[in-house]
Amino acid sequence: MTGLRAAIGFLTIFPAARRSPAADLSRAPSWFPVVGLLLGVIVAGVDVLFRLAYVIPWISADGGELEFLLIGRREFPFFLEGVVLVAALALLTRCLHLDGLMDTCDALAGGHDRERRLEILRDPHVGAFGVVAVVLLLFAKVSALAALPGESRLWTIVLVPCLSRWAILVVMDRFPYVRHEGLGAPFLRGGSRRSLVVGSAVALLATVILTGPVGLLLGLAAGLVAWAVGAWAKRRIGGVTGDVYGAACETSEAVVLALAVVLTQRDPGALVSLFLALLGITV
């Protein structure tokens, strides 16, 4: 279980393991989707608590006040809820992937040649491209979370971080790492193909159990977006880095959330798992 502890210690704020030993980190990628599920469960719990926090005080209200509350729940409270959930996920991950997104956008969009782009990736400062990218991405995630219907909401929130961490494995396997050292280098020493196979099995099982067969479209979207980010990096710098892994994670997460909203517009229960329904587990 050293790989799981290493994955938790690296991807989250939880001190499950030391962050440095390369041997432990080489076993960690297979566990990335599992850590994503852990993050999803925590964020879903925050979602439940948030709803209770602004519904319970109104239980004793008279009919007029209660009616006003129910009308307003699709406006300000739900948008605020999206902000809270996005902030919670960023806190739980120490903004690790958001930082990678900003560095990647600054380097790949702003550098004039390969050497300059690699230099920007090492630069701790954030440029205009990074700021614009992270603002747009956070707004997209908040908006999508605010629009998710209650019928499919909880299990989608649990699943999305799993799929976005699985997306990192797609990039690891499909694109070469451009440096001998770096934040992402130790993860590759355990074999990217094995990590992808194991992680894909976990992600597939989680998808089918939590959101049913329609949820497979979310997994497909996560993989395609991650591949596109990796392909962009390969064309600009000849491969990928740890920052690109983070960019693939964040971008796929935003796209999957947006797709979940699209899939549930006509049928709010489109992402409800028949398996969980048969077990009598509903939200």
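A cavity is a set of grid points where a 1.4 Å probe fits but cannot get out, and its lining residues have an atom within 4 Å of such a point. The exercises below apply this idea and some others to a predicted model.

**Exercise 1. Find how many cavities of 30 Å³ or more the model has, and describe the lining of the second largest cavity.**

Step 1. The count comes to two cavities of 30 Å³ or more. The largest has a volume of about 100 Å³, and the second largest has a volume of about 50 Å³.

Step 2. The second largest cavity is lined by Val86, Leu89, Ala90, Thr93, Leu98, Leu138, Lys141, Arg165, Glu250 and Glu253. Sorted by class, these lining residues are five nonpolar, one polar and four charged.

Step 3. Turning to the helices, α5, α8 and α12 each give at least two residues to this lining, and the largest share, three residues, comes from α5.

**Exercise 2. Describe the lining of the largest cavity by residue, class and helix.**

Step 1. Around the largest cavity lie Val43, Leu85, Val86, Leu89, Lys141, Leu145, Ile157, Val160, Pro161, Glu253 and Leu257. Among the residues that also appear in the lining of the second largest cavity are Val86, Leu89, Lys141 and Glu253.

Step 2. The lining of the largest cavity has nine nonpolar and two charged residues, and no polar ones.

Step 3. Helices α5 (76-92), α8 (128-147), α9 and α12 (242-263) each supply at least two of the lining residues.

**Exercise 3. Say which members of the largest nonpolar core touch the most other members, and which helix gives the largest share.**

Step 1. In soluble globular proteins, nonpolar side chains tend to be buried together. The largest nonpolar core of this model has 74 residues, and within this core Phe32 and Val240 touch the most other members.

Step 2. Helix α9 (residues 150-174) contributes 15 residues, which is the largest share of this core.

**Exercise 4. Examine the two aromatic pairs of the structure, and decide for each ring whether its residue is buried or partly exposed.**

Step 1. One of the two aromatic pairs joins phenylalanine 175 and tryptophan 227, whose rings are 6.4 Å apart centre to centre, with 45 degrees between the planes, and this pair is tilted. Phenylalanine 175 lies in the loop between α9 and α10 (192-211) and tryptophan 227 in helix α11 (residues 216-237), so the pair ties together parts that are 52 residues apart in sequence.

Step 2. Buried means under 20% relative accessible area. Phenylalanine 175, at 8%, is therefore buried, whereas tryptophan 227, at 46%, is partly exposed.

Step 3. Tyrosine 177 and tyrosine 245 also form a tilted pair, with 6.0 Å centre to centre and 35 degrees between the planes. Here tyrosine 177 sits in the loop between α9 and α10 and tyrosine 245 in helix α12, 68 residues apart, and both tyrosines are buried.

**Exercise 5. Identify what arginine 94 and cysteine 95 show in their phi angles, and find the number of disulfides.**

Step 1. Most residues other than glycine have a negative phi. Arginine 94, however, has a positive phi of about 60 degrees, and cysteine 95 has a positive phi of about 55 degrees.

Step 2. Arginine 94 belongs to the loop between α5 and α6 (96-110), as does cysteine 95. Arginine 94 is partly exposed at 35% relative accessible area, and cysteine 95 is partly exposed at 37%.

Step 3. The count of disulfides is zero. Cysteine 162, in contrast to the partly exposed cysteine 95, is buried at 0% relative accessibility.

Key:
Residues numbered from 1 in each chain as written. Predicted model: local features only at pLDDT ≥ 70, side-chain atom pairs only at ≥ 80, totals over all residues. Heavy atoms only, no water. Core = buried A, V, L, I, M, F, W, Y, C linked by side-chain atoms within 4.5 Å. Buried < 20%, exposed > 50% of the residue type's maximum accessible area, 1.4 Å probe, protein only. Helix = DSSP H or I, 4+ residues; strand = E, 2+ residues; numbered from the N terminus. 1 Å grid on protein atoms, 1.4 Å probe; cavity = no way out; pocket = protein on both sides within 12 Å on 5 of 7 lines; lining within 4 Å. Points joined across faces, edges and corners; volume = space filled by probe spheres on them. Nonpolar A, V, L, I, M, F, W, Y, C, P; charged D, E, K, R; others polar. Disulfide = S-S within 2.5 Å. Phe/Tyr/Trp six-rings, centres within 6.5 Å; stacked < 30°, edge-to-face > 60°.
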